[in-house]
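Biologist: Got a minute to go through this model with me? I'd like to talk about the empty space in it.

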Amino acid sequence: MIRLKFVKAILWFFVGIAATVTVFRFLKGLGTVTALTDTTPWGLWIGFDVLGGVALAAGGFVMAASVYIFHLEKYRPIVRPAVLTAFLGYAAVVGGLMFDIGIPWNIWRPMFFWQHHSALFEVAWCVMLYFTVLGLEFAPVVLERFRAPLFQTLYKILKALTLPLVIFGIILSTLHQSSLGTLFLIMPYRVHPLWYSSILPILFFVSAIGLGLSMVMVESLVSSWLYKKHLEKDLLSGLAKAAAYVLGIYALLKLGDLAFSGKLPLLFNGSWESNLFLFELLISAILPATLFGSPKVRQSTAGLATAAGLAVFGFVLNRIDVSGLATISTTGSAYFPSWSEFAISIGIVSAAALVFFFFVENFVVYEAPRGAGEDQYKLPTADPISGARLGW
């Protein structure tokens, strides 16, 4: 397919540029490739790669909970790609941290030097553990292709452990998605009042759910376009309806918190922060929630793509705002990422996308469209492990 080859060529181009910058980063240090300073030590790699990456990967625990905990079986076809996207998202987070940490070979230290009162310590452990859980959740997709007795034994063990792994993963996700917001509770005089809130952990968690649902829709839409596969629009419509409620709750929480804390006048004082906040809230929650709430939009591919794209962009902007842009007025440091910071971030995302394509093309990540290439009256077969009926 020409479009897929063209997209892959572009992704490999960005990976190549990132690989070149990587050499300078690890040979010459952070100062040669970033615009970071002691005043602004957290930049694009934290705001986008880490905070944004963790939130973008939330679709994994959202879809796993929907199917395995709430038994919404119609969404089972979306679980595998959602878990794969989450796994690669956390891999990108780890990659971003390796670039951002001054001495990356010390990344193992939180495993042995515990800081019980540190939110960052809790985030580090949860990310490590959930990254492992996602790998174990997706491993059966790889193992089912191999018929050797050892691989089949591992496959059976992991399939039997699916529910405990999902429950453990949901616990870990709930903890660190909210704790990312907790990180900023110690900065009441650094983060701009419009973004600082005592309920930041709740806002981060709720927004992660909304972003996770939106990211699953984006991934499904892009995959169906690239691989010309059947688009399960009825499933995406259901996700969109749920996202409308979640995003609406998020917008109400944000505005209600501002009203309760007496910060509403800051919304209309004409400063660049107030304009940025209004823009962020509009594209991350208000517009997507309104679009998702329309039955006509939920049945439109273009409508779903527009609303989900707005939500994804808006919440990534929110993470960048909270971790960086909202501190400019206090620090007086007008940080703007260097071209090499952009190159690394784009390269990490490109590498994750290429790995996603590899799994899609070599393993059964997506189920075959209903009735495709088979007799619609053929009896479905049962999976020997789970007993689930497969096929139309």
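Modeller: Sure, a pocket comes up below, then the cavities.
Modeller: It's a predicted model, so local features need pLDDT of at least 70 and side-chain atom pairs 80 or more, while totals for chains, interfaces and linings use all residues. Numbering runs from 1 along each chain as its sequence is written, and side-chain values use heavy atoms, without hydrogens or water.

Biologist: How much space lies in the second largest pocket?
Modeller: About 990 Å³, counted as the space filled by probe spheres on grid points joined across faces, edges and corners. A pocket here is an open set on a 1 Å grid over the protein atoms alone, probe 1.4 Å, with protein on both sides within 12 Å along at least five of seven lines.

Biologist: Which residues lie nearest its centre?
Modeller: Met215, Val349, Ser350, Ala352 and Ala353, out of 33 lining residues (an atom within 4 Å of a point).

Biologist: And which helix gives the largest share of that lining?
Modeller: α14, with 10 residues. Helices are DSSP H or I runs of at least four residues, numbered from the N terminus. α14 spans 339-362, and α1, α2, α4, α8 and α12 also supply at least two residues each.

Biologist: New topic: how many cavities of 30 Å³ or more are there?
Modeller: Four, a cavity being a set of points where the probe fits but cannot get out. The largest holds about 50 Å³.

Biologist: What gives the most to the lining of that one?
Modeller: α8, with four residues. Met215 turns up again there, alongside Leu56, Gly212 and Glu219, among others.
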